[in-house]
Amino acid sequence: MSSESESQLQLFNTLSGTVEPLVPVGAPALRMYACGPTVYDYGHIGNFRTFLHVDVLRRFLKQQGVPVQHVMNITDVDDKIIRNAASAGKSIEDYSAKFEQAFFEDMEWLGIERPEHLPRATDSIPEMVALIQKLAEKDTAYQIEDGSWYFRIANFPEYGKLAKKDLEGLEDGARVDNDEHEKDAARDFALWKAVKGDERHWETPLGPGRPGWHIECSAMARKYLGESFDLHAGGEDLMFPHHENEIAQSESATGHTFARHWMHVRFLLVEGRKMSKSDNNFYTLRDLLLKGYRASAIRFLLISVPYRHQLNFTFDGLIESTNAIDRLRTFHQRMLKGGFAAGLNPEIAAATAKARAGYTASLANDLNTAEARAAIFDLVRAANSAADAGTLQSENVTEILSVLTLFDGVFAVLTDNDAAITREAIAWAEREDRMDEVATNLVEKLAFSDADIDALVAERTQAKKSRNFARADAIRNDLLAKGILLEDGKDGVRWKRQ
RNA sequence: GCACCGAUGGCGAAGUGGCUAACGCGCUGGUCUGCAAAACCAGUAUUCAUGGGUUCAAAUCCCAUUCGGUGCUCCA
C-alpha cells in the first residue's frame, strides 16, 4: 500500500452517509464553506468546538499539499441582533461590530487560522436579492401579502436529501405552526422578511426588508466559491433545516450540485449535560480564560475528541489537557536543547517513522485526532526513555523535531502564548468592568515578571551552592505559591508557569 | 411522541468480528535527586450500560430495556 493512499484524507460525507475521499474538483484549491458565527454575543465553547475542527481540517489539508479556499460568513443581521441592538440603543452595525471584533480575537487566542474570506451578510445583500429573483423567475420563490418572500419546497423534489427527511412526514408534523402567514405550504421557509415597524431594513427590488437566515450562505458561497464547490461544514444542528434549505435554494437557482461533501461537527456536553444558560454550565472562551484556564488547554481539549463524537467538556478535562500539553512542551524543549551524541539510533528512527506514519494515517482516517495524539505520545515516551538511557542521538533528534513540527502544524499547542493571552483577556475584562469575574491570584501570578523570577532563581542557586537548603527550598516554595514551578536539571534550572 | 446517534478503567478517550482493550490525566510503588520537579520502569478494566441472541470467535453484528445527546422550532 502506497504512502499516498495512506495520507489521502477520507472524510465522512453527511450527504452520502459514508466516508469518502475529500478532493478538490475543477480547481487546484479545495473550495470550502463553513457557517460562521452570528455576532450577537461572545462565542461559547460549543461554537469553538466546531470552528476548531474546521481549523484542524484546513490545517491538515494544507499539510497534505492541498491549498484551500475557505469562506466563513459573519452573520451580522438576524432577529437576536436586531433585538439586542435595540435594547442597547445601538445600530445593528455598531452592536455587531463589537462582537465580530471579539470573535476574531477569540479565534486568534485559540490558534484558529483565518479563512481566506470572511464576508459579512450585510455586505452581500445584492447577491441575495439576485438569487431570490432567480428563484422567483422559476416560481420557486413567491411573495405573500405582508411582502415577505418564501421558498416553494414543492418545486424541489430532492428536499430532505441531506438530513434524510421524509417530506410527507414533515409537512404533517409541522402543520400546527402554520397559522400566522399565508404560506402555500407549512414547510416553506422565508427567503426575505418584509420590514416590520422601524427596524433596520434594505430597500431592494424585492421590497423593503431583510434577508432570511438561509439565503446569506447560499449567496455568499456562490459569490466566493462558485455554483458548485467541494465542502460545506458546520455544527450538527445546522444540518436541518439550515443546510437543507441552502441546498434547496442554491440547486433550484443554479441547477447544479451545491456542495459535494458535507461535514457536521457533533455537539459537546459540559460536565455530562447539555450546555445551557439555565443549567449554569454555559461558558464562553472568555469565561474560561478569566477563571485561569489556558487558551492552549481549551484548544487541545476541544480538538482531542474526533469531530463526529460527542465530547464531554469538563474542568478536570481542562486540567488534564494542561498537563498533557506540559508534557509535550517539556519534551519539545528537551529535544531543542540538544547535547546528544552524533549519529542515528536505528530503533528510535523506527519509532519516529512509526509516529509520523501513525499521525498522518490517523488524521487521514476521518480526522481521528485522538489516535493522532496517541501516535505522538508513543514517540515522546520512546524518545524520553532513550534520552534517559543515553542512547538518543543527534540525527534522531532532528527527525523527532520534524515530526513534532508536523504535529504542531495541526494541533498548534507547542508554542506557549498562554500567559500573554490571559493578560489580554484580563485587559478586556478591565475595559468591560468585569474584573469581579477574574479568578483570585490570577492577576498577581501574571504580574510576576520573568526578570523577577530569574533573580530569585539565581539567588536560590547561590543558596544551594553554599548548601543552604532551607533558604533554597523557601524560595522554591514561594515561587510555587505564585504558580511558578522550578526544575533542577543537570544543566541548570528551568522554570515554568503552572 | 416520532426519527437518528451514543454508552469502554478513578476521569477523558481510541478501537466497530479474531494479536496481552491504544493514548492522555490521576493514583500507588521504584529509579534519579540534598529534598523536589522533570523523565523512566512497574502496577492500576479477565473486561467494554443491562439482559438475551447470532458466530469456531463479539467491546465490535442482531433484538429488547435503561440512561444521555441531536433533529422535528432559534441554536456551533
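A residue counts as exposed when its relative accessible area is over 50%, and as buried when that value is under 20%. I wrote that down before anything else, and I also noted that this is a predicted model.

**Entry 1: Lys-277**

Is Lys-277 buried or exposed? I looked up its relative accessible area and got 52%, which is over the 50% cut-off, so Lys-277 is exposed. I found Lys-277 in the loop between β12 (273-274) and α9 (285-290). Leaving out residues up to four places away in sequence, I saw that Lys-277 touches Asp-41 and Phe-282. With Phe-282 there's a bit more to say: Lys-277 lies over the face of that ring, 4.9 Å from the ring centre. I also checked the UniProt record, an unreviewed entry, and it lists Lys-277 under "binding site".

**Entry 2: aromatic rings**

Next I went through the rings. To describe a pair of aromatic rings, you give the distance of the centres and the angle of the planes. My count came to 17 aromatic pairs. One of them is Phe-103 with Phe-104, a tilted pair at 6.2 Å centre to centre with 55° between the planes. I checked both Phe-103 and Phe-104, and they are buried. Phe-104 has a charged visitor too: the charged end of Arg-114 sits over its ring, 4.3 Å from the centre.

Then I looked at Phe-229 and Phe-258, which make an edge-to-face pair, 5.0 Å centre to centre and 85° between the planes. Which parts does this pair tie together? Phe-229 is in strand β9 (residues 229-235) while Phe-258 is in the loop between α8 (239-254) and β10 (259-265), so the pair links parts 29 residues apart in sequence. Phe-229 and Phe-258 are both buried.

I also jotted down one aromatic cluster, formed by Tyr-42, Tyr-95, Phe-99 and Trp-428.

**Entry 3: RNA strand B**

Last stop was the RNA. How many residues are around RNA strand B? I got 53, and the ones that come nearest are Arg-187, Trp-213, Gly-235, Asp-388 and Arg-476. Helix α13 (residues 369-389) gives the most to the surface near the strand, with ten residues.

I then asked which parts of the RNA are involved. Of the atoms of RNA strand B within 4 Å of the protein, 70% belong to sugar or phosphate, and bases make up the rest.

I picked out some polar contacts as well. A polar side-chain atom of Asp-388 is 2.5 Å from a sugar or linking oxygen of RNA strand B. For Glu-487, a side-chain N or O atom lies 3.5 Å from a sugar or linking oxygen of the strand. His-309 has a side-chain N or O atom 3.2 Å from a phosphate oxygen of RNA strand B.

Conventions: Residues numbered from 1 in each chain as written. Chains lettered and ligands numbered in written order. Predicted model: local features only at pLDDT ≥ 70, side-chain atom pairs only at ≥ 80, totals over all residues. Heavy atoms only, no water. Phe/Tyr/Trp six-rings, centres within 6.5 Å; stacked < 30°, edge-to-face > 60°. Buried < 20%, exposed > 50% of the residue type's maximum accessible area, 1.4 Å probe, protein only. Helix = DSSP H or I, 4+ residues; strand = E, 2+ residues; numbered from the N terminus. Lys NZ or Arg CZ within 6 Å of the ring centre and 35° of its normal. UniProt positions renumbered as here; feature names shortened; annotations may be inferred. Contact = heavy atoms within 4.5 Å. Near = heavy atom within 4 Å. Polar contact = N/O pair within 3.5 Å; in protein donor to acceptor, adjacent residues only side chain to side chain.
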